[in-house]
Amino acid sequence: MNTPGLKDQLQRLHQLLLKERECARALAMDELMATVQQKEALLGCLEQVDAADAETRQLAEQIRAENRRNAYLFWSALQWIRESMQFFGRQSVPSGYGAAGATVNTANSGMILSGRV
């Protein structure tokens, strides 16, 4: 049994997923949060797609693909942020020269302030 409301809800969900991705790309956080709230409200009232016709099932599959694409976008952005934080979080260890003329990494930063050159 296919209801016209189900197809309309799925089309609206598809539009919200596309808008969600565009907001994320543009870093429009207020609009992104509003879109996510609309999407969650719509997901809460969606009916079952199991008994739908082939066209509605195809739309549901397209929605699933778009949702996974958005999830991958958010996951990869999070990974990039984590890598950036690790890069900037690493302390650069200054190297100097030992008595034998070889480079020596020291744990002290600010060698001039510590009196060692």
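**Exercise 1.** In this predicted model, determine what span helix α2 (residues 29–44) should have at 1.5 Å a residue, and how far apart its end C-alpha atoms are.

*Solution.* Helix α2 has 16 residues, and the expected span is 1.5 Å times one less than that number, so the helix should span 22 Å. The end C-alpha atoms of α2 are 22 Å apart, which agrees with the expectation.

**Exercise 2.** Work out which residues of α2 are buried and which are exposed, and how the buried ones are placed around the axis.

*Solution.* Buried means under 20% relative accessible area, and in α2 this applies to L32, T35, V36, K39 and L42. These buried residues cover an arc of only 125° around the axis, and they therefore lie on the same side of α2. On the other side of the helix, D30, Q37, E40, A41 and G44 are exposed. As background, an α-helix has 3.6 residues a turn, so residues three or four places apart point the same way.

**Exercise 3.** Decide whether I63 is buried or exposed, and identify its contacts beyond the neighbours within four places in sequence.

*Solution.* I63 sits in helix α3 (residues 54–89), and because its relative accessibility is 7%, it counts as buried. Setting aside the neighbours within four places in sequence, I63 is in contact with L10, L13, H14 and L17. Of these, L17 is 46 residues away from I63 in sequence, while the C-alpha to C-alpha distance is 7.7 Å.

**Exercise 4.** Establish which elements give two or more residues to the lining of the second largest pocket.

*Solution.* The second largest pocket holds about 160 Å³ of space, and the contributing elements are α1 (4–26), α2 and α3. Helix α3 gives the most, with four residues. By class, the lining has eight nonpolar, no polar and one charged residues.

Technical notes. Residues numbered from 1 in each chain as written. Predicted model: local features only at pLDDT ≥ 70, side-chain atom pairs only at ≥ 80, totals over all residues. Heavy atoms only, no water. Buried < 20%, exposed > 50% of the residue type's maximum accessible area, 1.4 Å probe, protein only. Contact = heavy atoms within 4.5 Å. Arc of directions from axis to C-beta. 1 Å grid on protein atoms, 1.4 Å probe; cavity = no way out; pocket = protein on both sides within 12 Å on 5 of 7 lines; lining within 4 Å. Points joined across faces, edges and corners; volume = space filled by probe spheres on them. Nonpolar A, V, L, I, M, F, W, Y, C, P; charged D, E, K, R; others polar.
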